[in-house]
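Below is a note on selected local features, set out as numbered points. Please read it with the sequence and the coordinates open.

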Amino acid sequence: MSRMSEFGPLALANTAWAFATMSVRNHGPLLDAMAGPSMALISEFSSQELANTAWSVAKLRFGNVPLMDAIASAAVSRLTEAKPGELTSMPWACATLRMMHAPLLAAIASASMLRISELRVQELAATLWSYATLSCSNAPLLNAISAAAMPNITKFDLRNLANTAWALAKLMMTHDSPLLASMAASSIAKMTTVRQQEIANTAWACAKLQIWHEPLLDSLAAAAISTISQFKAQEFANMAWAFATLSYQHHPLLESLSASSLARFRPQNLANTAWSFATCLFSHEPLLDAIAFAAMNKIGEFDSQDLASTAWSYATLKCLHEPLLDAIAASAIPKLDDFNTQALANTAWAFATVQFLHETLLDAISARARVTIHHFRSQELANLAWSYAAFRWLDSHLFDAISSASLMRIKDFRPQELASTAWSYAKLLVRDEQLMNAISSAAKFTLSSKGPTDWGSQELANTAWAFSRLAYQDETLMAAMSASVLAILHVGNAAVADEKEGRSSPALVRHVEMMLWSLSRLADLELAWTFREAVQVQGCPVGRLASGGLLSECETRGEWGDTREADVYLTLAAPGSQVASAAARAAACRLAEAGAVVAALRLLDETAAAAGSLDRAAARAWRAFGGRGSLPVAASLPCVGEHEKEAQLLAHVLSSSPPGDVTAVCEAIESFGIGGLSRPFGGAGGFAPSAGRWLKVAGGEKTAVLGAAARLAPGPRFLEVGAYCGYSALRLALVRPDARILSLEADPCVAVIARCVVAHAGLSHQIDVRIGHSEDVLPKMGRSAGCKIQDSFDLVFFDQRGSRYEADLDVLEENMALNDGAVLVADNVLKPGAPNFLWRVIRGGHFETRVVSLEEYAMPGVEDWMSLSVRRGHPDDGDAGRALPPPPPELRRLEWEADRIRGRAERSPGGVGFAQWAAFVARMREALMKLGLGPGPGAGPSGEPAGRRGAASERQPQ
């Protein structure tokens, strides 16, 4: 090194070349010493000396930018002297050192095209690789290389083929199909000796260029399987990504990848592999399990991006891996300060998507998000709000912050983000008038300026639903959105219609239904009726949700008797079915109540003529309305469709119990629930429900609690929330013949069945089954100003969704709809549970409550609880007793768990088996007992209220 100043260009170049060829280590001092003399003499270097020096510097990864700049600048003027190999060495050196020198690359491209025929195949491949590495797309050069490579493709070895394929993919040269096809065939023939990098690069290139060449992919897979243990982590990730991107389920390869040890993988490799499969929506459970196992062993090494990306990937693939998510949460919480806004939103979104509740993580994300909320982009704000809403996890401080940030960015919100934000606020009943007005303005602007094409039917339906649930009467917005839904329905594009069968897709039908339900909440129903008529003209079915909304509003507003209302009833079920007969009877009764008896008779005549026959209940209604002659009556009608079980129950009741015998009707329902739906339960001496066939009635031991509640009631005004098929209302009427029972049922098909059951028992004068959801109907009842139905109650029976109990009780109390001494009885407060409600009636000072433990009807060995409360005063009264203490944090989780298993049972009949219910009940019981929310010492061992089992004898009507 001391004599380096004596070296000329040739000696300097040869010395560098020698060290690079021998891969000498610790070469830094020597190269530093050579850099100065080389730059001083750079103008004297020949083309070959420049190329060799550049090659050597790159080979030794010597990143001396001034030296390479000097070499590149000098090389531009020497290219006319350069040999073909020298033309290749210069761009290769620049690419290896990731040094972009545009003048040199342009000059080399021009020189190479002039001498393209002189370049050997490895030089063609190296030049293409170099330009691709630097993302330098010189189309004339690339086309020239492609043309030169085509006739010589069989001379390429597999490494050059892999590099060429990689380069074409990097530069997205998808137009070169003949070359790609030739390369694929040549690669298969040379697959016997191949390195792992070449396998991974070729697979990656196929995926990037969307080349589906099954023989090549099979050859790559076979080569990979035989050497899978030698793959580097990045090569493994690229291989997984390639096959996932091409949606090629090569099971031997996937099993080989899954069986491989991922212990050598760094966190980023693990996260990227999971991300690759997720972005392609390509799920392979064994591989996901393997990634999860490796990730949990290294979770402490994951940075914020790796944690968020891994959680996002598993959620995108709908893979609920609880141990992994637990580990991600534990590792993420102390690192949340390092999370950017996208990572925060994605992590919350991931946990919400798979419904894995981690309270500590949610609280920590909320705290961090509130600090950085004004850095969130519109999509991140919408996703964050959606995540908490999906958990039903109201964090008022967070939503205040989201409102503030959203108002500042509302012009940036896309339709999906507007819809998601509105939906989230409505789901949690967060009323922010300023934000909703801003969303309305932004939505109307995009609908008018850009047209409905930017809005999907789901976004339109979700936004309409949100405004309706929050009771914002924005008729202009609703009209614009309903018109857009009709336009989408009319177009029937491939994304939302099944063109082969000419029917609207199930998703679009749901969105149409949501829109109609939302329109039925407007002050004027005309827009809803017009929308329904237009939907029917286009041949789209209207489901029970929307039908129930319209029928509920007609009843609440006292607008029955309209032929349009009758038409809604008639379209509830398939013509000629058991449910259709019950619906026709309900429609005729409504017409008769409105004084249109002739129209009622005509409706039944026409329905019978079209269907061929009606059931006994409809025929009796026809005679009661003054019908002459007789209608064709069928001994049985088809019980088909979504409400097959309830239709079978009605048919059983009509055929096995005499009209007017309430006790016989109740016994018929019980016998159907046990004998008709259940199977022998081994070892328990009883019956258990078959999957999805359980009859949700308060039968068995629960009738004693209902009887006790009825006798305790200070007056005859009863309210039942959750009529189902009318069984409980009949039981209450047996004990209190003086009672007048208003029974609410959200499902219109079930409601018309309940009306038939009640009429068959002869108690239509005593039991009024109304269609409607408690959330919509109860606010209109009570003695407070603004209530459309001035009524109050002496007994309330809650038998709806347990998560509604507390909210419905709030509404009843706010509207002064509970009389002094009113009795409140609630079913299923253990299975699936109503933790918040129990806290309210047990710990609040204005109720005296007893919780009763008993066996669930038709589920031997499965415990359930009912609560029986007597109201003493009003929560605002001074003598109402102790104030309600704040609920403990664990109560919130219990409420969420109850809602989750209830949702599983409702979404898929049989989705929660007998054993699963028993295990869940055991966990819920233990948790509630620890909080002091279980049966007290006054309850007997079998759970009956005060007295012995059976002490609540029934009083027959006089």
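1. Ala746 sits in the loop that runs between strand S6 (740-745) and helix H38 (748-761). Helices (H or I, at least four residues) and strands (E, at least two) are DSSP runs, numbered from the N terminus. At 39% relative accessibility Ala746 is partly exposed; buried means under 20% relative accessible area, exposed over 50%, and partly exposed in between (1.4 Å probe, protein chains only). Residues up to four places away in sequence aside, Ala746 touches Ile771, Gly772 and His773, where contact means heavy atoms within 4.5 Å. The C-alpha atoms of Ala746 and Asp776 are 9.7 Å apart in space, with the two positions 30 residues apart in sequence.

2. On the source: this is a predicted model, in which local features need pLDDT of at least 70 and side-chain atom pairs count only at pLDDT 80 or more, while totals for chains, interfaces and linings use all residues. Residues are numbered from 1 along each chain as its sequence is written, and side-chain values use heavy atoms, with hydrogens and water left out.

3. How many salt bridges does the count come to? The total is 42, a salt bridge being a side-chain nitrogen of Lys or Arg within 4 Å of a carboxyl oxygen of Asp or Glu. Side chains of opposite charge can pair when their charged atoms come close. The pairs in the next points are among those counted.

4. Glu926 and Lys930 form a salt bridge with an N to O distance of 3.6 Å. The two are about one helical turn apart, because they lie four residues from each other in helix H44 (residues 914-930). Lys930 is exposed, with a relative accessible area of 66%, and Glu926 is partly exposed at 48%. Elsewhere, salt bridges with shared partners link Arg521, Glu553, Arg557, Asp776 and Lys780 into one network. Asp776 is also the residue whose C-alpha lies 9.7 Å from that of Ala746.

5. Arg804 pairs with Asp808 in a salt bridge, with 2.7 Å between the closest N and O atoms. Are these partners buried or exposed? Arg804 counts as buried at 12% relative accessibility, and Asp808 is buried at 0%.

6. In the salt bridge of Glu380 with Arg377, the closest N and O atoms are 2.8 Å apart. Glu380 is buried, with 4% relative accessibility. Arg377 is partly exposed, with a relative accessible area of 48%.

7. Glu459, in helix H25, is worth a look in the viewer. Glu459 is buried yet has no salt bridge, and Arg414, the nearest side chain of opposite charge, is 9.5 Å away. Lys and Arg count as positive and Asp and Glu as negative; His and the chain ends are not counted. Which residues does Glu459 touch, not counting those up to four places away in sequence? They are Pro415, Gln416 and Ala419.

8. Two residues have a positive phi although neither is a glycine. Lys318, with phi of about 55°, lies in the loop between helix H17 (304-316) and helix H18 (322-332). Lys318 is exposed, with a relative accessible area of 60%. Ala471, with phi of about 60°, lies in the loop between helix H25 (457-469) and helix H26 (475-491). Ala471 is exposed at 54%.

9. The peptide bond that joins Lys831 and Pro832 is cis, with omega about 0°. Pro832 is part of helix H41 (residues 829-833).

10. Ser47 belongs to helix H3 (residues 47-59) and is buried, with a relative accessible area of 8%. Apart from neighbours within four places in sequence, Ser47 is in contact with Arg78, Glu81, Ala82 and Glu86.

11. Lys59, Arg61, Arg98, Arg159, Lys170 and Lys208 form a positive surface patch. Patches are made of residues with over 30% relative accessible area and no salt bridge, with like charges joined within 9 Å and nonpolar side chains (Val, Leu, Ile, Met, Phe, Trp, Tyr) within 5 Å. The place of a charge is taken as NZ of Lys, CZ of Arg, CG of Asp or CD of Glu. Accessible areas come from the Shrake-Rupley method with a 1.4 Å probe; for residues, only the protein chains shown count as cover. Within the patch, Lys170 is in helix H9 (residues 158-170) and is partly exposed, with a relative accessible area of 33%.
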